[in-house]
Amino acid sequence: MAEQRQILLAAHEVAKHFGGVKALHDVSLTIHRGEIYGLIGPNGAGKTTFFNCLTGLYRNEGGHFVFDGVKLAADAPHKAAAVGIARTFQNIRLFGNMTAIENVMVGRHLRTRAGVFGAISRNPATRAEEAAIARRADELLHYVGIQERAHDYARHLSYGDQRRLEIARALATEPKLLALDEPAAGMNGTETEALRVLVEGIRRDGVTVLLIEHDVKLVMGLCDRVAVLDYGEKICEDVPAVVQRDPRVIEAYLGG
Amino acid sequence: MDTLLQQLINGLTLGAVYALVALGYTMVYGIIGLINFAHGEVVMIGTMVAFTVIVSLAGSGMPPLLILSVGLLIAVVACMVLGWGLERVAYRPLRHAPRLTPLITAIGMSIVLQNVAMIIWGRNYITFPPMIDKRIYEVGGASFTNVQVAIVVLAALVMIGLTYLVQRTRMGMAMRATAQNQHVALLMGVDIDRVIAMAFIIGSALGALAGCMVGSYYEIAHYQMGFMLGLKAFTAAVLGGIGNMAGAMAGGLLLGIIEALGAGYIGDLTGNFLGSHYQDIFAFMVLIIVLMFRPSGLFGERTGDRA
């Protein structure tokens, strides 16, 4: 039972194919509460497909996810958000024509409720809620370290800042699991180091992190456990030190 | 000189109405990429409902301004329900259909609404009872009425309110987020169905208001009036950059002024060969020119990748 309570996300034999290509072949894995879990693999191994199935952007053909003890519906992105899964994207997907702080405020949508009648009537409860949204958004920008860019349009932010903004927006939904899709892609050494510190802080604050990453050094230094995908199959799952020495992993990365 | 000033004033009045109707087109287009061709008919229904309410209250001894306000309010509510119903019944089931399908459905809904209106209100012109004692003001050789002032002021207030709603409130932010990226908005927990319904409801409310303005201004209504008005407002939305709200407001005002100036000078320009009843050609000349040379409109950023 103690083991059961530790598990935040369990994927059971998740399968997805595109035409004849098996993008995911019965992938099972478990992520424990409070850990940083790495998902790595060569290009095209199915990492992002796994994310898309998890967050309901794709409908998986086989298997299912159990999150926090509840089985997830197959294709409902806003339900994934509601149960507590937030994600960022490999190719950044911000609301470019909105300011940084507005992007984060949209993330608060899920946890707030004022409707259109509140918006029109401007009653005190609505005003208080909107003030709270703005305050929380400001805190989150501060948290990821881009508070001074709050009123710049998202599309005008530097690449690294856009990545941070995406993380702030995801955190605004108050997730239990934060899924980061290649957050260090295109970052220089300094930015990557800052990202590492940020992700560790997020975990310390009680959010479980699922990390897809190409930067093997970052993954090995940061993650508690790592799973390796190759051609849609999980070939290994263990602590970084063991994964690094696994011959199948070395084969997948260096061979073939 | 006085023709110029006079036509600018008339154009501003007309433009305020176009702007309100254009907002209905542009909000829906911005969010789901659909040109709701039935929107002009929603405006017409708004005029007709206001007409019915005003006529049936006319003998009740209520103050005229109150009657007009009640008529306006009921028309707005009726159109909100109509806009919501249209989305729910006609467009939502086609959300994932090819783009042409909802477009043709919109044209179909437009025809249905016209015919329903014809059955209810008849095929003749209806005289919209004037509820405001008309006062005429003279400035610099041009004249305008208190009705015109009321139209322009009310339209301006509503547009300021709408801008506030969209720019500053939680609901407005959800609408803008949905317009930019539906998938990501979904992941942030935004209820897309609600946001889309809101776009229709707000657009229809603005349309009803515009319909009442047209009724009070021309003091006439007809079951086919929504067609031309809708087409002009659509032109205004395209002129400003469809999908862009500031563009719809600016495009509406600009189109109203172009049309009024055109009507004022067309006689002089063509040696009285064409009279002011040819004013409609200006709106469509504008539409053709914009589509040829700047299809994204004055304020548009996105090019026409959606039809």
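**Backbone outliers, domains and helix packing in chains A and B**

A:Glu174 lies in the loop that joins helix 7 (159–172) to strand 7 (177–181) of chain A. In this predicted model, the phi angle of A:Glu174 is near 55°, a positive value in a residue other than glycine. Most residues other than glycine have a negative phi. A:Glu174 is partly exposed, because 15 other C-beta atoms lie within 10 Å, whereas a buried residue would need 20 or more and an exposed one 12 or fewer. A second positive phi in a residue other than glycine occurs at A:Asp26, where the angle is near 45°. A:Asp26 belongs to strand 2 (residues 21–32) of chain A. The neighbour count of A:Asp26 is 15 other C-beta atoms within 10 Å, so A:Asp26 is likewise partly exposed.

Chain A is divided into two domains: domain 1 comprises residues 1–84 + 175–256, and domain 2 comprises residues 97–172. A distance of 27 Å separates the C-alpha centres of domain 1 and domain 2 of chain A. Nine residues from domain 1 of chain A and seven residues from domain 2 of chain A take part in the contact. On the domain 1 side of chain A, helix 3 (77–83) and helix 8 (189–204) each contribute at least two residues to the surface that touches domain 2. By class, the residues on that side of domain 1 of chain A are seven nonpolar, one polar and one charged.

Between the chains, contact involves 26 residues of chain A and 20 residues of chain B. Two or more residues on the chain A side of this interface come from each of helix 3, helix 4 (100–107), helix 5 (116–121) and helix 6 (124–144) of chain A. The chain A side that touches chain B contains 13 nonpolar, nine polar and four charged residues.

For chain B, an unreviewed UniProt entry places the feature "transmembrane region" at residues 12–35, 42–59, 65–86, 98–121, 147–166, 195–217 and 273–293. Among these spans, residues 42–59 of chain B are 89% helix and 0% strand in the model, with end C-alpha atoms 27 Å apart. Residues 147–166 of chain B are 100% helix and 0% strand, and the end C-alpha atoms of this span are separated by 28 Å.

The packing of two helices is described by the angle and the distance between their axes. In chain B, the axes of helix 1 (residues 2–32) and helix 10 (residues 245–269) come within 6 Å and cross at roughly 145°. The crossing of helix 1 of chain B with helix 10 of chain B is right-handed. The residues of this contact between helix 1 and helix 10 of chain B comprise 18 nonpolar, eleven polar and one charged.

Two individual residues of chain B were also examined. B:Leu154 is located in helix 5 (residues 146–168) of chain B. With 16 C-beta neighbours inside 10 Å, a count between the limits of 12 and 20, B:Leu154 is therefore classed as partly exposed. The C-alpha atom of B:Leu154 lies 20 Å from that of B:Gly230, at a sequence separation of 76 residues. B:Met285 is placed in helix 11 (residues 280–293) of chain B. B:Met285 is partly exposed, because 13 other C-beta atoms are found within 10 Å and the exposed class ends at 12. B:Met285 and B:Leu254 stand 31 residues apart along the chain, with their C-alpha atoms separated by 13 Å.

Conventions
Residues numbered from 1 in each chain as written. Chains lettered and ligands numbered in written order. Predicted model: local features only at pLDDT ≥ 70, side-chain atom pairs only at ≥ 80, totals over all residues. Axes fitted to C-alpha atoms, helices over the stretch in contact; angles between N-to-C directions. Helix = DSSP H or I, 4+ residues; strand = E, 2+ residues; numbered from the N terminus. Left-handed = near helix turned anticlockwise from the far one by under 90°. Nonpolar A, V, L, I, M, F, W, Y, C, P; charged D, E, K, R; others polar. Domains from an automatic or database assignment. Contact = placed C-beta atoms within 7 Å. UniProt positions renumbered as here; feature names shortened; annotations may be inferred.
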